[in-house]
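This text walks through one protein chain and its ligand, part by part. Please keep the sequence and the 3D view open while reading.

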Amino acid sequence: MHGVVCSCTMEVFSMSELKKSYEMVFKKMIMETEEIYSFVFEKPEGLNWLPGQHGIFRNLECKVEGDKNYRIFSFASIAEEDFVMFSTRITDESTDCKRKLLELKPGDKMTAEDPQGRFRIEDFDKPTCLLAGGIGITPVRSLLQNMDFNCINPINLRVLYSDDRGAFAYEDTLKWLNKKYDGLELKLISDRNEFMEEIEAFANDMGNNADYLISGTPGMNKAITAKLLSLGVEKENIKTDNFIGYQ
Ligand SMILES: Cc1cc2nc3c(=O)[nH]c(=O)nc-3n(C[C@H](O)[C@H](O)[C@H](O)COP(=O)(O)OP(=O)(O)OC[C@H]3O[C@@H](n4cnc5c(N)ncnc54)[C@H](O)[C@@H]3O)c2cc1C
């Protein structure tokens, strides 16, 4: 570990009430890449979530005719950062509901509700491979921030983050964490074949002595799960976070 400095107070908090919607004040937007934007809000009192969880977000500043007017996003920040952040890919082809997020101004309001999900690192003393495709990196940021908040140097945590466009969200944060913890190995990959080769190398090395966490589109998650199974990895060692809504 390279001179880790952090605040190790483990905060104990109660979970948010289910079905309750928490109003949050918009602070700023961060352009992570040409297509990925992060939206940052003040953390409302009472809203809590666990790293790796997702929630339901509604934009109170606009209603789009004929749309369900909410989206599920992963929490990219941890509660201890004291802000709520989600990130999403927005292009010309995106729905109006998502494009309207680009019009948010400081002071505008959104709501968050129902944090849930069990996409988490079970044991930092067990080798783990975190596989993120494109926007699937969002829950991974919170998992790594949580590791850092608790000063945990993992035994062997491999993060394989692949994006065909070669543009990576949270790049500075991820690289900083990678430098700080020698048990963490981050690879930013822009070639799908290389991604598959890296997965294969880790699985051949660690097999069923490791956990595999996959985050991305349902199609990608299915393909990687099939690959891992073909390499002899047992289903119980594979966990997926399916970003339903992306092809
Ligand atoms: C657990 C989870 C975590 C997610 N985290 C993120 C995140 O951090 N960042 C991010 O950008 N996106 C995330 N998503 C995806 C997000 O909810 C949007 O679907 C996505 O951003 C595309 O938005 P859209 O407005 O372009 O299309 P959408 O209007 O959301 O959907 C496109 C297509 O998918 C279908 N669809 C959408 N939701 C569902 C559903 N629940 N069940 C079945 N079909 C559905 C729609 O009918 C439509 O055909 C997550 C989804 C899930 C389920």
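A good place to begin is the ligand. In this predicted model, four elements each supply at least two residues of the shell around the ligand: the strands β4 (71-74), β5 (83-89) and β11 (238-242), and the helix α1 (96-99). The shell has 21 residues, and those that come nearest to the ligand are Ser 74, Thr 88, Thr 95, Thr 138 and Gly 245. Sorted by class, the residues around the ligand are 8 nonpolar, 9 polar and 4 charged.

The next step is the division of the chain. The protein chain is divided into domain 1, residues 21-116, and domain 2, residues 128-242. The C-alpha centres of these two domains lie 24 Å apart. Both domains take part in surrounding the ligand, since each of them gives at least three residues to the shell.

The two domains also touch each other. Here 17 residues of domain 1 are in contact with 13 residues of domain 2. On the side of domain 1 that touches domain 2, the largest share comes from β5, with 4 residues. That side of domain 1 is made up of 6 nonpolar, 6 polar and 5 charged residues. Strand β5 thus appears in two places in this account: in the shell around the ligand and on the side of domain 1 that touches domain 2.

Away from the ligand, the interior can be followed through the largest nonpolar core. This core holds 60 residues, and the ones that touch the most other members are Phe 39, Leu 130, Leu 131, Val 159 and Leu 160. The strand that gives the most to this core is β2, residues 36-42, with 5 residues. The core draws at least three residues from domain 1 and at least three from domain 2.

Val 159 can serve as an example of a core residue. Its neighbours within four places in sequence are left aside here; beyond them, Val 159 is in contact with Leu 130, Val 140, Leu 184, Leu 186 and Lys 187. Of these, Leu 130 is itself among the residues that touch the most other members of the core.

A last stop is Trp 176, which has its place in helix α3, residues 171-180. Is Trp 176 buried or exposed? Trp 176 is exposed, because 11 other C-beta atoms lie within 10 Å and a residue counts as exposed at 12 or fewer. Along the chain, Trp 176 and Asn 204 are 28 residues apart, and their C-alpha atoms are separated by 28 Å.

How values were computed: Residues numbered from 1 in each chain as written. Predicted model: local features only at pLDDT ≥ 70, side-chain atom pairs only at ≥ 80, totals over all residues. Near = placed C-beta within 6 Å. Nonpolar A, V, L, I, M, F, W, Y, C, P; charged D, E, K, R; others polar. Domains from an automatic or database assignment. Contact = placed C-beta atoms within 7 Å. Core = buried A, V, L, I, M, F, W, Y, C linked by C-beta atoms within 7 Å. Buried ≥ 20, exposed ≤ 12 C-beta atoms within 10 Å, placed from the backbone.
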